[in-house]
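Student: I should like to learn how to read the features of a structural model. Could we go through them one at a time?

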Amino acid sequence: MSQKEKIISLLKVNQIMTQSDLAEDIYEDRFHTSNIYSALMSLVDNDIVTRSGEYPARYSLSGTPISEETTAIEKNADVQQYKVQQQTVTMSVEKATHLIRDYFNKTVKDKHGRYMSWRHCYKAFSENRNITDEQTVDYLALHLAFYLASWGMYRGSSFLLQKDYKVHIPIVKIIQKGKYNSLFGISAEDLCKKSNLDLLDEIATRIRGCYAEERPSVDGVVNHATDTLITKILLGTLGCVPAYDRYYVQSIKKHHISSGNFNRNSVYCVAKFYCDNLKDFEKLRCELNKCGMEYPPMKLMDMCFWQDAYINDLN
């Protein structure tokens, strides 16, 4: 049975489902939510399936009535409501997709370039999700360390410069916990949900606390894990947020996407920007995935805004 046939069959039984619900029933997990996007959009474009609401959108067979009760759920559900930027967003989807392609094309020119470290790290965590034996955790900690070094996190001012890769082992053990599975490669729609933003807050706090508890600390000062370090770890292991480094922060502030602070409101606003241009970004993401691995939506946002500020800096 094809994906389209499975989607139609599920909607006949359940009437109304989200993309994540459909993926879970087809693949028995939510890691493959993006895999059904093309088939689902094809059914929508051909008026076989109707899309209603947003964040997350709900799908039904054309002609299936959506009750007022269901509409109310769509407006509230598990979606966290936030005050979004009041100023007009100045990043068009055309420019955004161009920037993402530009970043991607330049980083794959050198098969041993430092930007490939993200792909190696994310792939390693993807292939070993929830595996916590000593050898695997050690292997993942080594991948994480080299990726962070490639991405500038081992500079002279960082406490990590004085530590070996095993300092990341407690962090890996946290990331590998099953309770954080919903954050792995998360869709922009699911990232808008309060429950997932709660998990994001929790895991960021736990990682920050883990480094602070590391003994001995450097120069007797508590190890301070910056927002940049925390978000680079989360991007490289779970792909659930962009990396809040200097370039990314500059660009999202300049284009009025969100604030430059790493918090749930800022993450929500970036996810909403993706959702507002879902069809274009998902089409591009499908193109990038042909490289042999699946790019999570928040990696695309990271690529987009980093590349924008990088180009401005060159100019």
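Tutor: Certainly. Please keep in mind throughout that this is a predicted model. Let us begin with Asp 102, which is found in helix H5.

Student: Is Asp 102 buried or exposed?

Tutor: Burial is judged from relative accessible area, and a residue under 20% counts as buried. Asp 102 has a relative accessibility of 18%, so it counts as buried.

Student: Which residues does Asp 102 touch, apart from those up to four places away in sequence?

Tutor: With those sequence neighbours set aside, Asp 102 touches Gln 307 and Ile 311.

Student: Helix H5 has been mentioned; where else does H5 appear?

Tutor: H5 (93-107) takes part in the lining of a cavity, and we may turn to cavities now. The general idea is that rolling a probe the size of a water molecule over the atoms shows where empty space is left. In this structure there are two cavities of 30 Å³ or more. The second largest cavity holds about 50 Å³ of space.

Student: Which residues line the second largest cavity?

Tutor: Its lining consists of Tyr 103, Phe 104, Thr 107, Tyr 115, Trp 118, Arg 119, Tyr 295, Lys 299 and Met 303. By character, these lining residues divide into six nonpolar, one polar and two charged.

Student: Which helices supply at least two residues of that lining?

Tutor: Helix H5, helix H6 (116-127) and helix H15 (297-314) each do so. H5 gives the largest share, three residues.

Student: Lys 299 is named in the lining of the second largest cavity. Is Lys 299 buried or exposed?

Tutor: Lys 299 lies in helix H15. Its relative accessibility is 2%, so it counts as buried. Leaving aside neighbours within four places in sequence, Lys 299 is in contact with Tyr 103, Trp 118, Trp 151 and Leu 235. Of these partners, Tyr 103 and Trp 118 also appear in the lining of the second largest cavity.

Student: How should a residue be read when it falls between buried and exposed?

Tutor: Such a residue is called partly exposed. Glu 202, in helix H10 (residues 194-212), serves as a case. Glu 202 has 29% relative accessibility and therefore counts as partly exposed. Not counting residues up to four places away in sequence, Glu 202 touches Lys 179 and Tyr 180. Tyr 180 is 22 residues from Glu 202 along the chain, and their C-alpha atoms are separated by 9.6 Å.

Student: Let us turn to the sheet. What is the order of its strands?

Tutor: The sheet is open and has three strands in the order E1-E3-E2, with antiparallel pairing. Strand E1 (17-18) and strand E2 (49-52) are the edge strands, each pairing on one side only. Helix H3 (residues 37-45) packs on the sheet and touches E2 and E3, and its direction makes about 100° with that of E2.

Student: How many bridges join each pair of strands?

Tutor: E2 and strand E3 (residues 58-61) pair in the antiparallel sense over four bridges. E1 and E3 also pair in the antiparallel sense, over two bridges. Arg 58 in E3 is the bridge partner of Thr 18 and also of Ser 52. Leu 61 in E3 is the bridge partner of Val 49.

Student: Which way do the side chains of E3 point?

Tutor: In a regular strand the side chains alternate between the two faces of the sheet. In E3, Arg 58 and Ser 60 point one way, Tyr 59 and Leu 61 point the other way, and all are buried.

Student: Finally, which backbone angle deserves attention in the loops?

Tutor: One may look for positive phi in a residue other than glycine. Asn 130 is such a case, with phi near 70°. Asn 130 is found in the loop between H6 and helix H7 (134-150). His 256 is another, with phi near 60°, and lies in the loop between helix H12 (246-254) and helix H13 (264-276).

Student: How do Asn 130 and His 256 stand in terms of accessibility?

Tutor: Asn 130 has a relative accessible area of 31%, so it is partly exposed. For His 256 the value is 19%, and this residue is therefore buried.

Technical notes. Residues numbered from 1 in each chain as written. Predicted model: local features only at pLDDT ≥ 70, side-chain atom pairs only at ≥ 80, totals over all residues. Heavy atoms only, no water. Pairing = 2+ DSSP bridges. Contact = heavy atoms within 4.5 Å. Axes fitted to C-alpha atoms, helices over the stretch in contact; angles between N-to-C directions. 1 Å grid on protein atoms, 1.4 Å probe; cavity = no way out; pocket = protein on both sides within 12 Å on 5 of 7 lines; lining within 4 Å. Points joined across faces, edges and corners; volume = space filled by probe spheres on them. Nonpolar A, V, L, I, M, F, W, Y, C, P; charged D, E, K, R; others polar. Buried < 20%, exposed > 50% of the residue type's maximum accessible area, 1.4 Å probe, protein only.
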